[in-house]
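Visitor: I'd like a close look at one part of this model, the packing on the inside. Could you walk me through it at your own pace?

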Amino acid sequence: MGFMDKLKQRFKQNEETKEVSEKYQEGMTKTRNTFSGKINDLIARYRKVDEDFFEELEEVLITADVGVSTVMDLVEELKMEVKRQKIKDSSEMKDVISEKLVEIYYGEEDKSIQHLQLDGEGLQVILVVGVNGAGKTTSIGKLAHQLKADGKKVILAAGDTFRAGAIEQLEVWGERANVPVIKHNEGSDPAAVIYDGIKAAKSREADVLICDTAGRLQNKVNLMNELAKVKRVIEREIPGAPHEVLLVLDATTGQNALTQARIFSEATDVTGIVLTKLDGTAKGGIVLAIRNELQIPVKFVGLGEGIDDLQQFDADAFVYGLFADLGINEEEEEYE
């Protein structure tokens, strides 16, 4: 049984995995339409797997924003696999490519890297960073909704005190998710807001505190100093915190998102990525570029506008969604 057949069985075996698969397939339509069409065209034109085939495959992957260095690594591994399996026919490459994409995502680590690390004792703190407009506040609201649905007592701290309307926007999401928001007036010291958020979360015996932060990247030095100060306050009040530092990136910005990830990871020890608007881009390969080039796992992806559309990242479901139009689901009725 091929790799994609195994994924197909996994995602058809029960309602929960089937729903995950369908969300990824629907949310990745734009990337898949571009990617699948080009891969199909490549396989149709090259009956045999040769150097020309790999050159064109490189172009397809780079166009999907997989990233040049990641593409080079991937193609080298594919060439080795072709030799090892003695593959001659290009039609066999669909399975090999899909399996290698998953392998390159995980590297030496296991699937636990996709999960939030919030299993410790006492109050768990999530610090959320990212530039204005990436979907930071929206992602915080959706994440709070998910954690509350999982039975956690959640509090939000409105640490983005400089952007006009940021506090009110977070309050709206707090109401939607039915979680309280700790805030100060606009222009207040963000570290003071986070400090009060910690005090409130402790006194109310909350499980999780999610801290919003400013995202004025055009004022980079001041912003990074501000984030470092917030982090110091959290560390001082709760040793070992923050337990997660999530960087929110807009998938539609492609390689620019990779640049942002480098800048923020230098300042705040980013532990995971929230990649928003994946449903709005044809360049979903940025997921692999971020993971491979920065060694930061993607923990959530935005696959729609709804409050339930922030999906925990699943590399298998991502690849399955990417290849869903490549003739892999032809016998769907078998699994109904």
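Visitor: Of the residues in the largest nonpolar core, which touch the most other members?

Guide: Keep in mind that this is a predicted model. The residues you're after are I126, I210, L275 and F318, which touch the most other members of a core that counts 114 residues. If you want to know who supplies that core, look at helix 6, residues 93–106: it gives the most, with eight residues.

Let's zoom in on I126. Leaving aside residues up to four places away in sequence, I126 touches L116 and L118, then L143 and L147, then the run V208, L209, I210 and C211, and finally E244 and L246. So I210, another of the residues that touch the most core members, is itself a contact of I126.

Two of those contacts take us to the next stop. L143 and L246, both touched by I126, also help line the largest cavity, along with V128, S139, I140, V248, V274 and L310. Helix 7 (136–149) and strand 5 are the elements that give two or more residues to that lining, and helix 7 has the largest share, three residues. By character, the lining splits into seven nonpolar residues, one polar and no charged. The volume comes to about 40 Å³, and the structure holds one cavity of 30 Å³ or more.

Now for the sheet. Its eight strands make an open sheet in the order 3-2-4-1-5-6-7-8, with mixed pairing. Strand 3 and strand 8 (310–312) are the edges, each pairing on one side only. Further in, strand 6 (residues 272–276) and strand 7 (residues 298–302) run parallel to each other, paired over three bridges, and I273 sits opposite V298 of strand 7.

A few backbone oddities are worth a glance before you go. Just ahead of strand 5 (244–250), in the loop that follows helix 10 (220–237), you'll find P242; the peptide bond from A241 to P242 is cis, with omega near 0°. Then there's K86, in the loop between helix 5 (68–85) and helix 6, which has a positive phi of about 55° without being a glycine. K86 counts as exposed because its relative accessibility is 65%. N178 does something along those lines: it isn't a glycine either, and its phi is near 60°. You'll find N178 in the loop between helix 8 (166–177) and strand 3 (181–182), and at 54% relative accessibility it counts as exposed.

Note on methods. Residues are numbered from 1 along each chain as its sequence is written. This is a predicted model: local features need pLDDT of at least 70, side-chain atom pairs count only at pLDDT 80 or more; totals for chains, interfaces and linings use all residues. Side-chain values use heavy atoms; hydrogens and water are left out. A nonpolar core is a set of buried Ala, Val, Leu, Ile, Met, Phe, Trp, Tyr and Cys residues joined through side-chain atoms within 4.5 Å. Buried means under 20% relative accessible area, exposed over 50%, partly exposed in between (1.4 Å probe, protein chains only). Helices (H or I, at least four residues) and strands (E, at least two) are DSSP runs, numbered from the N terminus. Contact means heavy atoms within 4.5 Å. Two strands pair if DSSP finds at least two bridges between them. On a 1 Å grid over the protein atoms alone, a cavity is a set of points where a 1.4 Å probe fits but cannot get out, and a pocket is an open set with protein on both sides within 12 Å along at least five of seven lines; lining residues have an atom within 4 Å of a point. Grid points are joined across faces, edges and corners, and a volume is the space filled by probe spheres set on the points. Ala, Val, Leu, Ile, Met, Phe, Trp, Tyr, Cys and Pro count as nonpolar, Asp, Glu, Lys and Arg as charged, and the others, Gly among them, as polar.
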